[in-house]
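Reader: I have a new model open on my screen and would like to learn how to read it. Could we go through it together, feature by feature?

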Amino acid sequence: LDKPDQFLLDLSGISFFNDRLMCLTFQSKLADSVSEIENQLNIFKSVIEFLTSNESLKQIFSVILVFGNYLNGGNKQRGQADGFNLDILNKLKDLKSKDNSTNLLAFIVKVCITVFDEKKGTLESLIPIPDPSEVEKSSHIDFEAQKAEIDKIKKDLDITTKKAENIVNKSPEDLKEPFHTKMSEFSVKAEKDIMALTTLLEECNSKFVKCMVYYRWSPKKGQLKDAKPEDFLSMWMPFCNDYKNYWKKEQVAIQKEFIKQERQKHLQRKESLRNVETKKTSAGGLKDKLLRRKSRKSTVAAVPENAAPPAENAAPPTENAAANDSNVKKEEPGTTNNTLEDDEFR
């Protein structure tokens, strides 16, 4: 037989081959299914926790409340509010300035960055709202659908576990391993993962209800416990998206201003170095004496080349001059007297 035919023949000799293949296929798919649901629930959990406990978001709401009370100062009912409805968030950008160059939301973003952001204009600055993409993903969460998916996974696990036990019980001893050990370990781990996933789903549902109570939000239809994440998070998505866009523009403007200030400082330092005054060397000082000595040395070294020949009718040296010459120490050719005169340093 050829190798492909021999391979198929060997497979046909394995007991309960189809059931074994189904068990292994479920084992390979379970990890991806659990991971997908877990990632969705973790994103939802982080968004809800951000909305209920983030201090930066509370600071934004405090600024919104202050501006709202200021703008409604002449109204006794609205000018002294202690809070506002979440519906206001998507109406902030509709209030324009006189020249129509900006709006209330953009101004609120600028004030929040100026007052509260100590790391503005740097890469360490963090946006004080949940990420709009995560808010959008969280809005598509359906707790009932997630619970049904987890129940389906649990049911498939029970079926697979029973098949694995049936295979082990009816297979010859030499064909039980390593299938029996691998499937036993997989069943134990899968049950723990499904239990953890069920706990995470219940925790997300509980935090979601507490978040709606925290903001005193109520659905238009039905009770609070029947509200879906899409109903609550749909009003957050436009606000988070607009806030993020204005926040990025403001950060870029601050960075440009920082660069401009640094350039001005650099030019000022450069200009200050150009305006440094140099003082002239004072006459009679040590530096002046050293310069005079250096110039004298260069003059002495240039004399032998340009010196005129002695006159033929020159007068013979006198006795005193000869005596003085005899007392002068003879110098080696090519050297000069390096002795400093006393009056140069007095």
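Reader: Let me start with one residue. Which residues does Thr 160 touch, not counting residues up to four places away in sequence?

Author: Happy to help, and please keep in mind that this is a predicted model. To read a residue's surroundings, list its contacts and then ask where it sits. Thr 160 touches Cys 23, Phe 26 and Met 183, with residues up to four places away in sequence left out. Thr 160 itself belongs to helix 6.

Reader: Is Thr 160 buried or exposed?

Author: Buried means under 20% relative accessible area. Thr 160 has a relative accessible area of 7%, so it is buried.

Reader: Let me step back, then. How many helices and strands does the protein chain have?

Author: A count of elements is a good way to begin an overview. Here the secondary structure comes to 11 helices and 0 strands, and reading along the sequence gives the pattern α-α-α-α-α-α-α-α-α-α-α. The protein chain has 346 residues, and buried residues make up 25% of them. Its accessible surface comes to about 25,500 Å², with 53% belonging to carbon and sulfur atoms.

Reader: What share of the contacts with a separation of 6 or more comes from residues 24 or more positions apart?

Author: In the protein chain that share is 77%.

Reader: Which residues of the largest nonpolar core touch the most other members?

Author: For a core, look at its members and then at the elements that supply them. This one has 59 residues, and those that touch the most other members are Leu 51, Tyr 215, Phe 232, Trp 236, Phe 239 and Tyr 243. Two or more residues each come from helix 2 (17-53), helix 3, helix 4 (104-116), helix 6 (143-170), helix 7 (179-214), helix 8 (229-233) and helix 9 (236-274). Helix 7 gives the largest share of this core, 12 residues. For a view from one member, pick Trp 236: beyond residues up to four places away in sequence, it touches Leu 51, Leu 57, Phe 61, Leu 86, Leu 89, Val 135 and Tyr 215.

Reader: What span should the 36 residues of helix 7 have?

Author: The idea is to compare an expected span with the distance between the ends. At 1.5 Å a residue, helix 7 should span 52 Å, and its end C-alpha atoms are 52 Å apart, so the two agree.

Reader: What happens just after helix 7?

Author: Here the backbone angle is the thing to read. Arg 216 has a positive phi of about 55° although it is not a glycine. This residue lies in the loop between helix 7 and helix 8, and at 80% relative accessibility Arg 216 counts as exposed. Asn 100 is another residue other than glycine with a positive phi, near 60°. Asn 100 sits in the loop between helix 3 and helix 4 and, at 54% relative accessibility, counts as exposed.

Reader: How far apart are Leu 224 and Val 213 in sequence and in space?

Author: They are 11 residues apart in sequence and 8.5 Å apart in space, C-alpha to C-alpha. Leu 224 is in the loop between helix 7 and helix 8, and its contacts include Val 209, Met 212 and Val 213. At 25% relative accessibility, Leu 224 counts as partly exposed.

Reader: Now the charges. How many salt bridges does a search of the whole structure find?

Author: It finds 9. For each pair, check the distance and then where the partners sit. Glu 203 and Lys 45 meet in a salt bridge through their side chains (3.1 Å, N to O). This pair links distant parts of the chain, with Glu 203 in helix 7 and Lys 45 in helix 2, 158 residues apart.

Reader: Where do Glu 55 and Lys 58 lie?

Author: Both lie in helix 3, 3 residues apart, about one turn of the helix. An α-helix has 3.6 residues a turn, so residues three or four places apart point the same way. The side chains of Glu 55 and Lys 58 meet in a salt bridge (3.6 Å, N to O).

Reader: Which residues make the nonpolar surface patch of about 360 Å²?

Author: Tyr 70, Leu 71 and Leu 95 make it. Leu 71 is found in helix 3 (residues 55-71) and is partly exposed, with a relative accessible area of 48%.

Terms used:
Residues numbered from 1 in each chain as written. Predicted model: local features only at pLDDT ≥ 70, side-chain atom pairs only at ≥ 80, totals over all residues. Heavy atoms only, no water. Patch = residues over 30% accessible without salt bridge, like charges linked within 9 Å, V, L, I, M, F, W, Y side chains within 5 Å. Areas by Shrake-Rupley, 256 points an atom, 1.4 Å probe, with all protein chains shown as cover. Salt bridge = Lys/Arg side-chain N within 4 Å of Asp/Glu carboxyl O. Helix = DSSP H or I, 4+ residues; strand = E, 2+ residues; numbered from the N terminus. Buried < 20%, exposed > 50% of the residue type's maximum accessible area, 1.4 Å probe, protein only. Core = buried A, V, L, I, M, F, W, Y, C linked by side-chain atoms within 4.5 Å. Contact = heavy atoms within 4.5 Å. Expected span 1.5 Å × (residues − 1).
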